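User: I'm new to reading protein structures, and I'd like some help. Could you walk me through a few features?

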Amino acid sequence: MLVSAKEMLTKAKAGKYAVGQFNINNLEWTKAVLLTAQENNSPVILGVSEGAGKYMAGYKTIVGMVNGMLEELKITVPVALHLDHGSYEGCLKCIEAGFSSIMFDGSHYPIEENIAKTKELVKITAEKGMSLEAEVGSIGGEEDGVVGAGEVADPNECKMIADLGVTMLAAGIGNIHGKYPANWKGLDFDVLAEIQKLTGEMPLVLHGGTGIPEDMIKTAISLGVSKINVNTECQLSFAAATRKYVEAGKDLEGKGFDPRKLLAPGFEAIKATVKEKMELFGSVNKA
Ligand SMILES: [Zn+2]
């Protein structure tokens, strides 16, 4: 059964580790993430962007697929199904479809409007026992057409949003979606420490986990980050493994064209990436 992310993140914050959010794109992706979580006895959050939602034939299709896998693959670790960077309308759709967690990305609204819409969603998600992530300060780079400037969040605005009763808070601290540029300045730990000081127990979320050096990830966790989003890194490892298979001409040998063979190296590559992240974040054996 899908669960809210609240309990797993409260435990993570207290235990000074982080739970990974791994974005899914299809059946192979979902199966790879769920099996890796089970094998490593780790809690996990499946992330779905609005674009990936459309790609996978809608939120109801995803809920059906994930619930089916939890049962058929005998997944017993805590799993949350989470909308990533949702619009207000997207949030309502996912609540109706049976997601267990949502992120409302109101970072592009003026703070007053972000607060008003977040308040509405706090009410609805509380009634349903779901978790809600809010965002303050846009996260850099592009995600599904939403381009963020990579600004650093105002800690006082973070406190205002945290006090509305959201479950977890994403704050921009110089992190970016996608690959990091060579001249990237790194994460702003002073601001992160300030946000943590003002928001106390609130689990903090780090987006754009791909390409952040390991020591920075560890420092971020020590400063209250208890959810880290990984998306691009699984895509890169899947693509590299698939490229290797095709370039070696394996799809031309025997039944190598069978999708169950063609997609197998990519599937294994996602599993390896997810395992590596779970070890780095410290969530192994924390289910
Ligand atoms: Zn993000």
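Analyst: Let's go through the strands, then the helix packing, then a few single residues. Keep in mind that this is a predicted model.

User: Okay, strands first. In what order do the eight strands close into a barrel?

Analyst: Going round, the order is β1-β2-β3-β4-β5-β8-β9-β10, and the pairing is parallel. Neighbouring strands in this sheet are turned against each other by 25 degrees on average, direction ignored.

User: How many bridges join β1 to β10?

Analyst: Four, and those two strands run parallel. You can find one facing pair by looking for Phe22, which stands opposite Val230 in β10.

User: And on the other side of β10, how many bridges pair it with β9?

Analyst: Three bridges, again in the parallel sense. Here Val205 stands opposite Lys227 of β10. Then β9 (residues 204-206) is joined to β8 (residues 168-171) by two bridges, with the strands running parallel. Leu169 has Leu204 of β9 as its bridge partner.

User: Is β10 buried or exposed?

Analyst: A residue counts as buried if 20 or more other C-beta atoms lie within 10 Å of its own. In β10 (residues 225-230), six of the six residues are buried, so the strand is largely enclosed by the rest of the structure.

User: Got it. Now helices: how do I describe two that pack together?

Analyst: You give the angle between their axes and the distance between those axes. Try it with α2 (residues 27-39) and α12 (residues 264-281): the angle is about 40 degrees and the axes are 9 Å apart. Angles under 35 degrees count as roughly parallel and 65 to 115 as roughly perpendicular, and α2 and α12 are therefore oblique to each other. The crossing of α2 past α12 is right-handed.

User: Which residues of α2 and α12 make the contact?

Analyst: From α2 come Glu28, Trp29, Ala32, Val33, Leu35 and Thr36, while α12 brings Gly266, Phe267, Ile270, Lys271, Val274 and Lys275. Sorted by class, that's seven nonpolar, two polar and three charged residues.

User: At what angle do α10 and α12 cross?

Analyst: Roughly 145 degrees, with the axes of α10 (residues 232-247) and α12 coming within 8 Å. This crossing is right-handed too. Among the residues in the contact are Phe238, Ala241 and Tyr245 of α10, and Pro265, Ala269 and Thr273 of α12. By class, the contact has 10 nonpolar, four polar and three charged residues.

User: Can we do one more pair? How far apart are the axes of α7 and α8?

Analyst: They're 9 Å apart, and α7 (residues 155-162) packs on α8 (residues 189-199) at an angle of about 35 degrees. The crossing is right-handed. On the α7 side you'll see Pro155, Cys158, Lys159 and Ala162, which meet Val191, Glu194, Ile195, Leu198 and Thr199 of α8. That contact divides into six nonpolar, one polar and two charged residues.

User: What covers the buried residues of α8?

Analyst: The cover includes α7, β8, β9 and α9 (214-222). The buried residues in α8 include Val191, Leu192 and Ile195, along with Glu194, Gln196 and Thr199. Right after the helix comes Gly200, with a positive phi near 60 degrees.

User: What should I know about the sign of phi?

Analyst: Most residues other than glycine have a negative phi. So which ones go against that here? Look at Lys16, whose phi is positive, near 55 degrees, and at His85, with a positive phi near 50 degrees.

User: Where do Lys16 and His85 sit?

Analyst: Lys16 is in the loop between α1 (6-15) and β1 (19-23), whereas His85 belongs to strand β3 (residues 79-86). Lys16 counts as partly exposed because it has 14 C-beta neighbours inside 10 Å. His85 has 25 C-beta neighbours inside 10 Å, so it counts as buried.

User: Last one: how far apart are Ile124 and Ile95 in space?

Analyst: C-alpha to C-alpha they're 8.6 Å apart, although 29 residues separate them in sequence. Ile124 lies in α6 (residues 111-128). With 14 other C-beta atoms within 10 Å, Ile124 is partly exposed.

Key
Residues numbered from 1 in each chain as written. Predicted model: local features only at pLDDT ≥ 70, side-chain atom pairs only at ≥ 80, totals over all residues. Pairing = 2+ DSSP bridges. Axes fitted to C-alpha atoms, helices over the stretch in contact; angles between N-to-C directions. Parallel < 35°, antiparallel > 145°, perpendicular 65-115°, else oblique. Left-handed = near helix turned anticlockwise from the far one by under 90°. Contact = placed C-beta atoms within 7 Å. Nonpolar A, V, L, I, M, F, W, Y, C, P; charged D, E, K, R; others polar. Buried ≥ 20, exposed ≤ 12 C-beta atoms within 10 Å, placed from the backbone.
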